[in-house]
Structures are given as structure tokens and as C-alpha cells.
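Reader: Could you walk me through the labels on this one? I'd like to see each label set against its cut-off.

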Amino acid sequence: MEIRFGWAVVAGLVVGGAVGWWELGHPGWETMDQKVAKAEQAEAAASKDRHPASASLYRWHDSAGVLQITDTPPKGRKYEKVKIRDDQNIIPMSSVINPAGNRTTKRAGAG
């Protein structure tokens with residue numbers, strides 16, 4: 001009689017543990033659908049990190065007439081906001097912001 005009671009207790013613990021595991025959503029084990037969903041979420045998060053939604057670039061010329069491209073707009077200068085496309089890895093170039101007549105150029109031999 002004592003042996004049957006012992007096996008009943010063991011069986012009850014096993015069944016109770018199995019039911020608890022099942023009700024908690026199978027911790028420690030994933031179905032194929034759960035694995036695919038988890039991988040898609042990780043990929044979406046990584047994609048969001050690579051391409052932040054608020055990324056902006058600003059194109060402007062410094063006092064020497066050199067083209068500068070920065071992630072913050074310059075203070076006190078004309079600048080152009082660059083549109084960034086998610087499907088390209090190219091920053092499109094545009095015409096010069098400052099006209100050529102406003103630039104000072106160094107000539108060979110000038111001191």
C-alpha cells in the first residue's frame with residue numbers, strides 16, 4: 001500500500017508539473033512558429049537600428065568653399081537638407097549652394 005501511495009505522489013507531481021509547464025506557455029521550448037516569429041522580430045529590430053526613421057543629413061559649404069555633409073545643420077550658413085532613401089546607399093549630389101563668384105580661389109604663384 002505504501003508503494004502505491006509513493007507512486008501516486010510521484011505521478012501527481014509529474015502531471016502537475018506538466019500541466020504547469022503547458023499553462024505557462026512551454027518555457028524553455030519553442031515551436032517552429034514561435035522561432036520564426038522571434039527571428040522576424042529580431043530582424044525588424046536590427047533593421048530599425050540600421051535605418052533610424054529620423055536620419056537627416058545636411059549639405060553645405062564652409063568658408064573655404066569645401067563641401068561639407070553633416071548630421072547637424074550648420075549655424076549661420078545656408079544649407080540643403082539631403083533626402084535619404086532606404087533602398088539606396090547613395091547620397092545624391094546637387095548643384096553648388098554657393099555660386100562660383102562668391103568663392104575665393106588661390107592662384108598658383110599667389111602668396
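Author: Here come the labels, one by one, with the rules behind them.

Author: This is a predicted model, so local features need pLDDT of at least 70 and side-chain atom pairs count only at pLDDT 80 or more, while totals for chains, interfaces and linings use all residues. Residues are numbered from 1 along each chain as its sequence is written, and side-chain values use heavy atoms, with hydrogens and water left out.

Reader: What makes residues 2-23 a helix, and how does its reach fit the expected span?

Author: Helices are DSSP runs of H or I with at least four residues, strands are runs of E with at least two, and both are numbered from the N terminus. Helix α1 has 22 residues. The expected span is 1.5 Å times one less than the number of residues; for α1 that gives 32 Å, and the computed reach from first C-alpha to last is 31 Å, close to that. After α1 comes G25, with a positive phi near 85°.

Reader: How do you know that β1 and β2 pair?

Author: Strands pair if DSSP finds at least two bridges between them. Strand β1 (residues 57-61) shares four bridges with β2, in the antiparallel sense. W60 stands opposite Q68 there, and R59 has I69 as its bridge partner in β2. Their hairpin has five residues between the strands, and G65 takes a positive phi near 85°.

Reader: And what joins β1 to β3?

Author: Three bridges, again antiparallel. The partner of R59 in β3 is E80. The open sheet runs in the order β2-β1-β3. Its edge strands are β2 (67-70) and β3 (80-82), each pairing on one side only.

Reader: Why is R59 called buried?

Author: Buried means under 20% relative accessible area, exposed means over 50%, and partly exposed lies in between (1.4 Å probe, protein chains only). R59 has 4%, so R59 is buried. In fact, five of the five residues of β1 are buried: L57, R59 and H61 on one side, Y58 and W60 on the other.

Reader: Why does E80 count as partly exposed?

Author: Because the relative accessibility of E80 is 28%.

Reader: What makes E80 and R59 a salt bridge?

Author: The rule asks for a side-chain nitrogen of Lys or Arg within 4 Å of a carboxyl oxygen of Asp or Glu. E80 and R59 meet at 3.8 Å, N to O, so they qualify. E80 lies in strand β3 and R59 in strand β1, so the pair ties together parts that are 21 residues apart in sequence. The structure holds one salt bridge.

Reader: Why is V14 called exposed?

Author: V14, in helix α1, has 55% relative accessibility, so V14 counts as exposed. V14 also belongs to a nonpolar surface patch with I3, W7 and V10. Patch members have over 30% relative accessible area and no salt bridge; nonpolar side chains (Val, Leu, Ile, Met, Phe, Trp, Tyr) are joined within 5 Å, like charges within 9 Å. Together the four have about 460 Å² of accessible area, from the Shrake-Rupley method with a 1.4 Å probe, where only the protein chains shown count as cover for residues.
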